[in-house]
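Here is a short set of exercises to work through with the model open beside you. Try each task on your own before you read its solution.

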Amino acid sequence: MPGTRWINLLVQQDCRVEICTEKKTILSVEDIIALIGNKCDGVIGQLTEDWGDTLFSALAKAGGKAFSNMAVGYNNVDVDAATKYGVAVGNTPGVLTETTAELAASLSLAASRRIVEADEFMRAGLYDGWLPHLFVGNLLKGQTVGVIGAGRIGSAYARMMIEGFKMNLIYYDLYQATRLEKFVTAYGQFLKASGEQPVTWKRASSMDEVLQVADVISLHPILDKTTYHLINKERLSKMKKEAILINCSRGPVVDEEALVEHLKHNPMFRVGLDVFEDEPYMKPGLADMKNAIVVPHIASASKWTREGMATLAALNVVGKIKGFPTWSNPNAVEPFLDENSSPPPACPSIVNAKALGLPVSKL
């Protein structure tokens, strides 16, 4: 895991730290059981691992009380199984917001200006002079950005696109994004006072309204039964022919097979994907699409964020081992990330804290 602070914090709390040095990218259940062995108080794992009944049973038998994903998501974790065996499950929210939003914005810009296609064209030695129609893309200024899921990451992305490119906003969320609305209103007033066209916002009554209206759509929902294949053949057909679709949330939110067909039949429709249905694999045909930008799940891959994720995951595990309470606000993680001071005596984020009856920090 990145950085050294996470391991130093564990050692300072008198933990013996065993680090897996297997060359495999993804560990199997059998691999992890062997690593747990006969005695293990806690595990820091990755979102590529299948943490279900088998692993939590093995961890509990070895005396384990804590597991933490080095990730904000925990779709790979059967939280009910962990609770059954008395194992606290940690995750690392609060540290990925801006980094993930930045990648979504990067993919939006790269797709709109066809940067990856142009780069490949240049490297192949095909450029023989300026042409009026060469890699013509989309101007973002004055267009409409659509956000589906205006939580922390979705709102951060929206602000970047609005303030950076003066785009108008339409969003869909079950809850009103009041702070985001106030920001867009204030920024619009600033632009108007400066003699420019003000930006606007609208909270859509349905997700389909966002798909029909927006020029660039970024997906930021949680993944559950209601959002599986949220973007399917029918919904893709409702989008503009030259729209841009960005997904830095969860792969199964998009029906990848339907997306491939849509890309084939709509060459000016473009997509930027950081996550996939069956990682590390892509559905057949996706890699051949020139109008698709695909990157390997790197939304959180800034040095500061990844080191922070490692620190939070370590503190979740050592905090449970030491009997510390759970932090009251898992998104307010700055006190844990300040390298110039000792972290609070608390677990930054335990998703099944309530189910386990764990105390909450009063700090």
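The exercises below concern a predicted model, and each task is followed by a worked solution.

**Exercise 1. The open sheet**

Task: In which order do the seven strands of the open sheet run, and which are the edge strands?

Solution:
- Step 1. Trace the seven strands across the open sheet: the order is E6-E5-E4-E7-E8-E9-E10, with parallel pairing.
- Step 2. Look for strands that pair on one side only: these are E6 (201–203) and E10 (292–294), the edge strands.
- Step 3. Follow the twist, which averages 15 degrees from one strand to the next.
- Step 4. Zoom in on one pair: E8 (residues 244–247) and E9 (residues 270–273) are joined in the parallel sense over four bridges. Here Ile244 stands opposite Arg270 in E9.

**Exercise 2. Two faces of E1**

Task: Which side chains of E1 point to the buried face, and which strand pairs with E1?

Solution:
- Step 1. Recall the general pattern: in a regular strand, side chains alternate between the two faces of the sheet.
- Step 2. Apply the pattern to E1: Val43 and Gly45 point to one face and are buried, while Gly42 and Ile44 point to the other and are not buried.
- Step 3. Find the partner: E1 pairs with E2 (residues 66–69) in the parallel sense, over four bridges. Val43 stands opposite Phe67 in E2.
- Step 4. Check Gly45, a residue of strand E1 (residues 42–45). Gly45 counts as buried because its relative accessible area is 0%, and the cut-off is under 20%.
- Step 5. List what Gly45 touches beyond four places in sequence: Phe67, Ser68, Asn69 and Met70.

**Exercise 3. Two loop residues**

Task: Are Asn352 and Pro267 buried or exposed?

Solution:
- Step 1. Locate Asn352 in the loop between H13 and helix H14 (353–356).
- Step 2. Asn352 has 2% relative accessibility, so this residue counts as buried.
- Step 3. Leaving out residues up to four places away in sequence, the contacts of Asn352 are Val79, Ala82, Thr83, Val87, Ala88 and Val89.
- Step 4. Turn to Pro267, in the loop between helix H11 (256–265) and E9.
- Step 5. Pro267 has 57% relative accessibility, and exposed means over 50%, so Pro267 counts as exposed.

**Exercise 4. The second largest pocket**

Task: Which helix gives the most to the lining of the second largest pocket?

Solution:
- Step 1. Start with the space inside the second largest pocket, about 470 Å³.
- Step 2. The lining has 21 residues, and the closest to the centre of the pocket are Gly151, Arg152, Ser155, Ala156 and Arg179.
- Step 3. Pick out the helices that each supply at least two lining residues: H5 (97–112), H7 (152–165), H8 (178–193) and H13 (334–337).
- Step 4. H7 gives the most, with four residues.
- Step 5. Sort the lining by character: eight residues are nonpolar, seven polar and six charged.

**Exercise 5. The cavity**

Task: How many cavities of 30 Å³ or more does the structure hold, and which residues line the largest cavity?

Solution:
- Step 1. The structure holds one cavity of 30 Å³ or more, and the largest cavity has about 40 Å³ of space.
- Step 2. Its lining consists of Ala110, Ala111, Arg114, Val116, Glu117, Arg270, Val271, Lys290, Asn291, Ala292 and Ile293.
- Step 3. Assign the lining to elements: H5, helix H6 (115–123), E9 and E10 each supply at least two residues.
- Step 4. Sort the lining of the largest cavity: six residues are nonpolar, one is polar and four are charged.

Key: Residues are numbered from 1 along each chain as its sequence is written. This is a predicted model: local features need pLDDT of at least 70, side-chain atom pairs count only at pLDDT 80 or more; totals for chains, interfaces and linings use all residues. Side-chain values use heavy atoms; hydrogens and water are left out. Two strands pair if DSSP finds at least two bridges between them. Axes are lines fitted to C-alpha atoms, for helices over the stretch in contact, and angles run from 0 to 180 degrees between N-to-C directions. On a 1 Å grid over the protein atoms alone, a cavity is a set of points where a 1.4 Å probe fits but cannot get out, and a pocket is an open set with protein on both sides within 12 Å along at least five of seven lines; lining residues have an atom within 4 Å of a point. Grid points are joined across faces, edges and corners, and a volume is the space filled by probe spheres set on the points. Ala, Val, Leu, Ile, Met, Phe, Trp, Tyr, Cys and Pro count as nonpolar, Asp, Glu, Lys and Arg as charged, and the others, Gly among them, as polar. Buried means under 20% relative accessible area, exposed over 50%, partly exposed in between (1.4 Å probe, protein chains only). Contact means heavy atoms within 4.5 Å.
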